[in-house]
Amino acid sequence: INAEYMGEKYMRNCRLILLATSTAKVIEPLRSRCLAIRVPVPSAAEIAGVLQHVAKKESLTLPPEFADRIANGCDRNLRRAVLMLESAKVQQYPFAADQSVVRSEWETYVAGVAQDLLTEQSPKQILEVRAKLYELLAHCIPPAVILRRLCDALLPTLDATLKGEVARWAAHYEHSAQRGSKPIFHLEAFVCKFMRLYR
């Protein structure tokens with residue numbers, strides 16, 4: 001469907017609502033015909049309230065402290081918060097106030113990749129990390145998300161002089177990955193750049 005054509009031809013009869021987390025990949029002719037409305041992400045308190053509502057609908061007892069920890073650990077992403085609640089229920093129910101918040105498998109995997117980058121900087125390690133990055137891409141994890149999580153895992157371990165440089169290169173390769181067609185090249189380039197800087 002050509003959205004521009006549909007929008008112009010049926011403008012009086014039809015309204016299209018397009019949802020996007022970023023307008024970077026929306027083409028300019030389409031953007032110029034749309035009214036952009038920014039909706040802020042929910043606050044941690046709102047997420048905790050929704051989690052309490054979901055728990056009530058599912059006949060679950062959710063301690064407020066645990067709901068707050070999930071709300072603070074989900075990066076203000078409501079879908080992710082509900083999935084974390086579901087994972088926690090599978091892990092242990094009834095919930096405990098001091099129960100640990102379960103991270104998703106791919107986040108744990110990215111943390112492992114970051115640990116690999118910190119332990120050894122060699123061509124062999126680049127090949128191993130590349131295979132892990134392919135695995136993440138094969139599981140439909142967007143390259144921008146991989147880079148952000150990788151950067152989040154690496155930055156706390158670096159000194160102040162390296163933090164800015166690594167963040168700058170992560171932003172550079174995230175931008176180039178959005179413009180390019182093969183995200184693995186940009187992810188691998190960031191890995192190589194990081195190893196060179198960290199050595």
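This is a short selection-by-selection tour of a predicted model, going from helix H3 through H5 to Gln121.

**Colour by confidence**

Start by colouring the chain by pLDDT. The mean over the chain is 83, and 95% of the residues reach 70 or more. Now pick out the two extremes: confidence is lowest in helix H1, residues 3-9, with a mean of 64, and highest in H3, with a mean of 90. H3 is the next stop.

**Select 44-57: helix H3**

Try the distance tool on the end C-alpha atoms of this helix. They sit 20 Å apart, and that agrees with the 20 Å that 14 residues should span at 1.5 Å a residue.

Next, show side chains for Ile47, Ala48, Leu51 and Ala55, which are the buried residues to look at in H3. Turn the view so that you look down the axis: the buried residues of H3 fall within an arc of 100°, so they line one face of the helix.

Which residues are exposed on the other side of H3? Add Ala45, Lys56 and Lys57 to the selection and you have them.

To see what lies over the buried residues of H3, bring up 64-73 and 78-91: the cover includes helix H4 and helix H5, respectively.

Before leaving, step just past the end of H3 to Ser59, whose phi is positive, about 60°.

**Select 75 and 76: the loop between H4 and H5**

Here are two more backbone angles to check. Asp75 is in the loop between H4 and H5, and its phi is positive at about 55° although the residue is not a glycine. Arg76 lies in the loop between H4 and H5 as well; this residue is not a glycine either, yet its phi is positive at about 60°.

Are these side chains buried, exposed or something in between? Asp75 has a relative accessibility of 47%, so it counts as partly exposed. Arg76 is also partly exposed, at 42%.

**Select 77-91: into helix H5**

Zoom in on the start of H5. There a side-chain oxygen of Asn77 comes to within 3.1 Å of the backbone nitrogen of Arg79.

Then pull back for the whole helix. H5 has 14 residues, which should span 20 Å at 1.5 Å each, and its end C-alpha atoms are indeed 20 Å apart.

Show Arg80, Ala81, Met84, Leu85 and Ala88: in H5, these are buried. They take up an arc of only 145° around the axis, which puts them on the same side of H5. Swing round to the face turned away from that buried side and you meet the exposed residues Arg79 and Val90.

What covers the buried residues of H5? The cover includes H3 and H4, together with helix H6 (105-119) and helix H8 (143-154), so keep those four on screen for a moment.

**Select 121: Gln121**

Last stop: Gln121, in the loop between H6 and helix H7 (123-138). Despite the loop setting, Gln121 is buried, at a relative accessible area of 17%.

Draw distances from the polar side-chain atoms of Gln121 to two backbone oxygens. The one on Leu117 lies 2.8 Å from a polar atom of that side chain, and the one on Leu118 lies 3.3 Å from a polar atom of it.

Finally, which residues does Gln121 contact once its neighbours within four places in sequence are left aside? Select Met195, Tyr198 and Arg199 to bring them into view.

Note on methods: Residues are numbered from 1 along each chain as its sequence is written. This is a predicted model: local features need pLDDT of at least 70, side-chain atom pairs count only at pLDDT 80 or more; totals for chains, interfaces and linings use all residues. Side-chain values use heavy atoms; hydrogens and water are left out. The expected span of a helix is 1.5 Å times one less than its number of residues. Buried means under 20% relative accessible area, exposed over 50%, partly exposed in between (1.4 Å probe, protein chains only). The arc is that of the directions from the helix axis to the C-beta atoms. Contact means heavy atoms within 4.5 Å. A polar contact is a pair of N or O atoms within 3.5 Å; within protein, one must be able to donate a hydrogen and the other to accept it, and residues adjacent in sequence count only if both atoms are side-chain atoms. pLDDT is the predictor's confidence in each residue, from 0 to 100.
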